[in-house]
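Subject: Structure for you to look at

Hello,

Here is the structure I said I would pass on. Please open it next to the sequence, and then read the notes below it.

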Amino acid sequence: MARTTSSRISPSDRAAPRRHVKGAQAAPPDDGRARPAQDARHDPEELPPPPAPPGPDTVRMFAVRNGEKMKIAKLDDLGPALRGNCWAWIDVTDPTAATLDSLTKTLKLHPLVAANIAERNQRAKVEQIGDVFHIVMFALHLDEEAEASEIDLVLAPKFLLTVHGTDWDPRAAPQLREDPHGHLARGADYLLYTLCDWIVDGYFPVLDRLADDIDELEDEVIAKASQQVLHRLFVLKRELLGLRRATSPAREIFNSLTNRDVGVVAPDHLVYFRDVYDHLIRVTDEVDNYRELVSGTLDVYLSTVNNNLSLIMKRLTGVTVILAGIGAAAGIFGMSEAGSALAGAEPGGFWLLTAAMVVVGVAAAVFLRRIDWL
């Protein structure tokens, strides 16, 4: 079986520098977007460990103006900062209603976006309201089973808002462990790509684990079909269904972002979003393949059970043939003289008939054995 791999280097770690376009299409000189010469590549062995996950109702804010860090200590300072030329990232963990209401007022979010974030029971999707995009993605992590965590991302011209639960932390991304300001300096859209790229990268270890489980179950079904194997097959089917529900709509998100002029995504960043789209196509193809393999394994299980049942019925039929012949002969001649036969007072015909029944039974057993009915 083909294996997926999660060892690829993210393009966000090796992104080429942005180029100035000369002529009438040149970007405004003061748009707050930094244009570094080259992003630093991250060696996994040199990365610091992931930070401790934030607790509930935690708000973390990062801002950059003209490539320089800005310090924003509280939400009241965020509004004035966004009115200038800056990029901001607001990361919120499991917000309360009061915190979400304050964010809605400060960021001027549409009430529908705020309601969807508060509900946190959405499918993977992208919705555009004015120049603001509400994107819902799902991060996967392995426990007893593969589980999905909803992540709400709100992309606006000057900020990126991420809202998630305590079981996921964007600062655990290798690109953002040290300092997220470098990615934020390239724009909120580039930071969105960085997070989405890391989320999609997290799908591949889950696919690897599922592929190993499918291989193991295929071997067990052939060796011995049991109720435990059947239970694991249905659990695997449920995991694949959840994985497809999380990943298949996400493909349409990036298809939509890369095939129309959305305004908040820089033209030279579209290639990065297309890279994520390509990997999501690969993920959905793998999920479909694994679902077919699980369905095929289930069919093999049912066929194995039916074959085992047929084999048992053959054995029982063979035993019935032998015993039915002996029973028929015994019924015709009767067993009322069994006492005198055991006492040695029965004539030789009794013993001759008994020997004949034994010979016929043995011959039937040998014949049924040769045709694999015993």
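To start with one residue: is glutamate 216 buried, partly exposed or exposed? Please keep in mind that this is a predicted model. Glutamate 216 counts as partly exposed, because its relative accessibility is 36% and the partly exposed class lies between 20% and 50%.

Salt bridges

Glutamate 216 has a partner: arginine 232 forms a salt bridge with it, and the closest N and O atoms are 3.6 Å apart. Since glutamate 216 belongs to helix α6 and arginine 232 to helix α7, the pair ties together parts that are 16 residues apart in sequence. Arginine 232 is partly exposed as well, with a relative accessible area of 24%.

The helices α6 and α7 are also linked by arginine 209 and glutamate 239, in α6 and α7 respectively, which are 30 residues apart. Their side chains meet in a salt bridge of 2.7 Å, N to O. Both arginine 209 and glutamate 239 are buried.

As background, side chains of opposite charge can pair when their charged atoms come close. The count for this structure comes to eleven salt bridges. Another of them joins the side chains of arginine 120 and aspartate 152, at 3.1 Å from N to O. Arginine 120 sits in the loop between α3 and β4, and aspartate 152 in strand β6, so this pair ties together parts that are 32 residues apart in sequence. How accessible are the two partners? Arginine 120 counts as partly exposed, at 25% relative accessibility, whereas aspartate 152 counts as buried, at 0%. Salt bridges also link Arg60, Asp91 and Asp169 in a network.

Helices α6 and α2

Helix α6 covers residues 203–223, which is 21 residues. From the first C-alpha to the last, α6 reaches 31 Å, close to the 30 Å expected at 1.5 Å a residue. The buried residues of α6 are Tyr203, Phe204, Val206, Leu207, Asp208, Arg209, Leu210, Ala211, Asp213, Ile214, Leu217 and Val221. When you look along a helix, it helps to know that an α-helix has 3.6 residues a turn, so residues three or four places apart point the same way.

Helix α2 runs over residues 97–107, and its buried residues are Thr99, Leu100, Leu103, Thr104, Thr106 and Leu107. What do these buried residues pack against? Their neighbours are β1 (58–65), α1 (78–82), β3 (87–93), α3 (111–119) and β7 (159–164).

Positive phi angles

Most residues other than glycine have a negative phi. Lysine 108, which follows α2, has a positive phi near 55°. Lysine 108 is in the loop between α2 and α3, and with a relative accessible area of 66% it is exposed.

Aspartate 57 is not a glycine either, and its phi is also positive, near 55°. Aspartate 57 is found in the segment before β1. With a relative accessible area of 32%, aspartate 57 is partly exposed.

Aromatic rings

How many aromatic pairs does the structure hold? There are seven aromatic pairs. In one of them, the ring centres of tryptophan 168 and tryptophan 198 are 5.7 Å apart and the planes are at 35°, so the pair is tilted. Tryptophan 168 lies in the loop between β7 and α4, and tryptophan 198 in helix α5 (residues 188–201), so the pair ties together parts that are 30 residues apart in sequence. Tryptophan 168 counts as buried, at 9% relative accessibility. There is also an aromatic cluster, formed by Tyr190, Tyr193, Phe254, Tyr272 and Phe273.

A patch on the surface

Leu309, Ile312, Met313 and Leu316 make a nonpolar surface patch of about 390 Å². Leucine 316 belongs to helix α8, which spans residues 270–333. Its relative accessible area is 48%, so leucine 316 counts as partly exposed.

Regards

Note on methods
Residues numbered from 1 in each chain as written. Predicted model: local features only at pLDDT ≥ 70, side-chain atom pairs only at ≥ 80, totals over all residues. Heavy atoms only, no water. Patch = residues over 30% accessible without salt bridge, like charges linked within 9 Å, V, L, I, M, F, W, Y side chains within 5 Å. Areas by Shrake-Rupley, 256 points an atom, 1.4 Å probe, with all protein chains shown as cover. Salt bridge = Lys/Arg side-chain N within 4 Å of Asp/Glu carboxyl O. Helix = DSSP H or I, 4+ residues; strand = E, 2+ residues; numbered from the N terminus. Buried < 20%, exposed > 50% of the residue type's maximum accessible area, 1.4 Å probe, protein only. Expected span 1.5 Å × (residues − 1). Contact = heavy atoms within 4.5 Å. Phe/Tyr/Trp six-rings, centres within 6.5 Å; stacked < 30°, edge-to-face > 60°.
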